[in-house]
Structures are given as C-alpha cells and as structure tokens.
Amino acid sequence: MSFSTLADAYQSFDFSACFHSVHASEVRNVLDRAGSQAPLDTRDLLTLLSPAAQDFLEPMAQIAKNLTCQHFGKTISLYAPMYISDFCCNHCTYCGFNANTRFPRTRLTLEQIDREARAIADTGIRHILILTGEAPKKTPLSYLEDMCRIMTRYFSSIALEIYPMTETEYRGLKQAGADSLTVYQEVYDKSIYKAVHPKGPKSDYTFRLLTPERGAAAGFRAVNIGPLFGLGDPASEAFMAGLHARYLEQTYPHVEISLSLPRMTRAGGAISPRHLLSDRQFVQTLLAWRLFMPRLGITLSTRESAAFRDQLIHLGVTRYSAGSRTDVGGYHVHTTGTTVQFEVTDTRSVNEVAAMIRHSGYQPVFKDWEIF
Amino acid sequence: MADTLTLGHRNFTSRLLTGTGKFASNEQIRPMLSASGSEIITVALRRVDLQASPQDNILTHIPDHVTLLPNTSGARTAEEAVRIARIAREAGCGDFIKIEVITDMQYLLPDNHETLKAAEILAKDDFIVLPYVMPDITISRQLYDAGAAAVMPLGSPIGSNRGLEMKPMIQRIIDTSRLPVIVDAGIGRPSQAAEAMEMGTDAVLVNTAIATARDPVQAGKAFSLAVTAGRMAYQAGMAGSSRRARASSPLTGFLQE
Ligand code: SF4
C-alpha cells in the first residue's frame, strides 16, 4: 500500500466535524500520555490540532520543549537554500516562478554554481538545499548531477528541492552526492490541489504525493515534506502532513523524516493566500507535530520574521535556514532582473542567526552530516 | 592494585565515558570533562568540521589527555561504518572507534548484524572497536570472537533517559561476557548509572543526561560520583547481589572435616 490509499481515504473525511467534537478533557488525556512519553496515534494528532487544544498551548509547549531537548539536545542545525534556476513549466497560482509570470529567467552555469557555492560555504554553512523550478529541458538530470558533484566540494550535506523524478533518476543524483530530498505536497486536499495547479506536470496529484516514497526507496537518508499553509484548511492540512510523515517513518525506518511549515508570503504573480495560518495556529501545529512524532525533524525557513523565529527556538524546531536568498544567483552571481520565489522576512546574516541561537541557549550546528 | 578499565592496550581510571553531542555550546565540554573526570569522550565524525572556526570545531574543545572515541553515527551499513572509521583515523582521531550502525530512525536502535560485520573488519584493521548493540549474549560472544575491545549494550533507546529497561539482558551479558561491558544509551540519572555499575557493568557512557541538564558541569560531577559509588558497591560484593545461593557459613562444611 502506498500513501495515496491512505490520503484518498481522508479526502471525504469530515475534518471540521471531527475537530469540533473534541473536548478539553480529551486534550488533557492526550497531554498526559505525551508527557509520559507514551506513543500517540492519529486520533491524538487530530485532538492536538483541534480548536479545543488551543487553550493548552503552554502545557503542549512544555512537553514539546522537553521532548525536543531529549532527542536533539540544545542544538539547532543551520542550512541555506540556493536557487540555481527559475525556469518553470508549471502554473502554480501561488508562485512567483510560474510559467505565466513574465521576467527574464536564469539558469546558472556550472561555473556560476561553483562561485555561488563558495560564497555560501564561506559563511560557515555546510548543509545546502538546492532549488529549481520544474523545467526538465532546461535543468535535465545530467545538469543536476553535475551540479551535485560541484556541491560535494563545498558542502557535507546536499539536499534537493527540485521537480519530482523517478526512483532511477534519484539514484543517479544520490550517486552524484545528494543525500536528502525535500518535496512539498503544497496541499493535500485534492480539489484545491487541482485548482491551484491548473496546468503542467505538477497537476498530477498522485505522482507528486508519492515522490517522497520514491526518494526514500532510492536511498536518500533524509526526506523533508510539508504543506504550504495558505492553500487548504490549516488544521486538516497539518493533520495530513503528520499522517504522511508517520507513514514514511514506519515504511522507511532508515530514513530521517522532517516536516516544514511554510506559510505563503508575497511573490510576483501570486494569488493571495486563503485560510492563512495565524501565529497561534502555527505554534499549535508545530507543537502537535512534535508531540505526535518526538524524533521528527522540524524545519523553519526565513519566510517567518526574525522576532517570530527567535521565539520558536524553544518549541520544537530543529533546523533553521539562515542568510537566505531566494533569487537565482542571489549570494554572489547577482544576475540582473531576477525574481524571488518568495519573500524572505528574516533577512539576518548567517552570523546574526547563529548569534541569536547562542543567545537563546542553543548551539548552532553547521555540520551534522558527511557524504562518506 | 589499581582498579582500572582496560580497553585494547589502554588503561583508564574513570569508568564514566561521556559524549559531545547535544550541548548548548561546545564551550561546556571542557569544564564538564574536568568536573566528571571522564577520560574518554565520543564524538560523531559527521559533526566534525576540520575547516570550521575553532568555536565550531568540536575537536578543539577536547583536552589532549582525554581519549577521543569517534563514532560512526549516520552509518546505515557495515560498509559505511568502516569507511567512517577509516576517515576518522586519517583525520587524526586515533584508533578507538565506536561502531554505531542504525537502521531505525524512530527508536535509533542498533543493527547487530551490520555492527558485527563492521567489528570484524575494523578489529582486523587494528582499531580498538567498541560496538553499540542491542543487548544479546550471542552478539557479545560473537564480538569477542571478532576481536572487539568491549561490548556496549543499550540501557534503553538513545536519549530516552529511561534507564535500564534492558536490565535482565544486560545482566546476562555481564555474567557471560569475556569483554568489558559498557552500558551505552538511555541512562538519564546518576542513580541509574550507579545501578548499572552495581550490577557489574565495567563502565557507562552518558551523553544526553549530562549535555541537556541545566548545569552540565554539575551533572558531570554527579554522574562521576554515582559511577564511583556503584563500582565500589559492586566490588564490596553487596549482600543480595548474587543470584545464586551463597551461604554465610556453609551448612555442609562438616563433611569435609
Ligand atoms: S511552485 Fe515550483 S513548480 Fe510551481 S511554479 Fe513555482 S517553481 Fe514552478
């Protein structure tokens, strides 16, 4: 059974009725069990994401803090994203790179990639996340493999956030040095998915949904998934993402699973977000995920403001991006006329983010993997 | 005669092994070592960045007299563990290696099969091999045959602070092992470390409980005292510690007279 069977079963689930049926006493019960480190099931995750649980954020936070400290210690891993191409044939209505947006597109040459990589490595960052739009003609497998080989000179972990590929293609990228994969489902609700992905290969819901499985089967050691908050109903999307993470954890026990909580920010040509996740709901989601999966990696991007990111450090996040540029060549190459995929809200440098982490009583970890 | 812990060709006075992971800052490592008297510290090779600034390079925080125990954390197969061990030696981390092969990211439980394979190769390669395993007397015997320097059964899952969940299994290893037994993982309180030592464990490795304590230096000291107390109790042959009948004055002694 793949995750699509499970995801399909929930398409007709009445999330709203379920969430509203939760009573405070049930939340207390789940918290008791989470506090004593009993495993939580999917019904417990629904309880923690319900409106009733919003009155329990402080006790949830206390448990989340303890669990995170126990499993990850007082450390926060750092990584930086690097955009190498903004060509894209998809029409995602929420993204500045979508095929309808007119701007001069850029694809870095291998030489430019090398310069860009060196500039990032000079900041101390050793974990890199490579991003591209979906344009297999412009950024074919061979180009991506060459890119990975360059990256291995500068970084000890190479994560990919590229268009979905087959298992065989992923094996090629792993061979070239990549070790982890990020792929956001964006939205688990099928009808919304269809509406916001009107054209292009990304409109295939199931192919995208099963991408993390193909990556895990291809041998990536870490897989990061997530919904894009601002498209579907936040609580049910958070639940589906948790369900997906749990499925991957159980099906591929050798793979480290993480979740991200990207919230839509402004970008060229984008629709305005619906159902935007409030800060309280954001925190609730983060805490619910942590209690549900104590060993889950939780990634936080620079989409969030500096002040908000500073507060979240104690609540279960394990990985921060730092010093991010979301335009192609933004670190060093500086091609003119580029556009950003999303707007960075926390614009601090790597050093400033590391200093904040130290100040909060945590250690910024620049390197926690090696491509052996 | 001094009560020393012998691993390979090396003798150690302290029976508390510590770790470098999970500290709020690398600067806490040195004072923790000095308070705990620990002479062996494990470091994940995947965390070592030789190009990093001194503040961010873990190795610069470990005093020379403390023995480095690089571990193969991140390895999913014997082959990867062997590769990591060889890189560690080339990087100047010495001959000690803690084999950690984990294929279960949810509970971080070791894969005994792959661990044994790695131990066989690395022992032949003259490493002082300390393998982290699920407590099982068969693996402990096989590791002896493979040339390991110790066996490191887990008390409970890494970082769980649950203490000696595997106590009966560990006791069987202590009773049968010809290798030093070092309980690794799961020890969350000094009393649990003392309990392991009272059972006859040769040493314990504590990381999370020290690194994530409010005061890691004080916690290091507390663990050191507990390990010493537990060891003393074991050596004193505390009443009730034997699981076989041992009469204070033999009832049938007269037959020999
Ligand atoms: S979200 Fe990705 S696939 Fe969609 S338009 Fe943007 S870059 Fe292309």
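Reader: Which residues are closest to the ligand, and how many surround it?
Author: The ligand has 9 residues around it. The closest are Cys88(A), Asn90(A), Cys92(A), Cys95(A) and Lys202(A). Near means that a heavy atom of the residue lies within 4 Å. This is a predicted model: local features need pLDDT of at least 70, side-chain atom pairs count only at pLDDT 80 or more, and totals for chains, interfaces and linings use all residues. Residues are numbered from 1 along each chain as written, chains are lettered from A and ligands numbered from 1 in written order, and side-chain values use heavy atoms, without hydrogens and water.

Reader: How does that shell divide into nonpolar, polar and charged?
Author: There are 4 nonpolar, 4 polar and 1 charged. Ala, Val, Leu, Ile, Met, Phe, Trp, Tyr, Cys and Pro count as nonpolar; Asp, Glu, Lys and Arg as charged; the others, Gly among them, as polar.

Reader: Switching to salt bridges. How many over all chains?
Author: The structure holds 31. The cut-off is a side-chain nitrogen of Lys or Arg within 4 Å of a carboxyl oxygen of Asp or Glu.

Reader: What does Arg115(A) pair with?
Author: Its partner is Glu111(A), with the closest N and O atoms 3.1 Å apart.

Reader: Where do those two sit in helix H6 of chain A?
Author: They are 4 residues apart in H6 (residues 110–121), so about one helical turn separates them. Helices are DSSP runs (H or I, at least four residues) and strands likewise (E, at least two), numbered from the N terminus.

Reader: Is Arg115(A) buried or exposed?
Author: In between. Arg115(A) is partly exposed at 34% relative accessible area, and Glu111(A) is partly exposed at 48%. Buried is under 20%, exposed is over 50%, and partly exposed is in between (1.4 Å probe, protein chains only).

Reader: And Asp114(A), which side chain does that one meet?
Author: Asp114(A) forms a salt bridge with Arg153(A), 2.6 Å from N to O. That pair links distant parts of the chain, 39 residues apart. Asp114(A) is in helix H6, while Arg153(A) is in the loop between helix H7 (141–151) and strand E3 (157–161).

Reader: Which of the two is buried?
Author: Asp114(A), at 10% relative accessibility. Arg153(A) is exposed, at 57%.

Reader: What about chain B, what does Lys98(B) meet?
Author: Lys98(B) meets Glu100(B) in a salt bridge of 3.2 Å, N to O. Lys98(B) and Glu100(B) are buried.

Reader: Which residues are joined into one network?
Author: Asp179(A), Arg221(A), Glu256(A), Asp368(A) and Arg46(B), through salt bridges that share partners.

Reader: Zooming out. How many helices and strands in chain A?
Author: Chain A has 15 helices and 9 strands. Its radius of gyration is 20 Å, close to the 21 Å from the globule rule for 372 residues, so chain A is as compact as a globular protein of that length. The radius is taken over C-alpha atoms, and the rule is 2.2 Å times the number of residues to the power 0.38.

Reader: What share of chain A counts as buried?
Author: 63% of its 372 residues. The C-alpha trace spans about 60 × 45 × 35 Å along its principal axes.

Reader: And how many helices and strands in chain B?
Author: Chain B has 8 helices and 10 strands. Its radius of gyration is 19 Å, which agrees with a value near 18 Å for a compact globule of 257 residues. Of those 257 residues, 58% count as buried.
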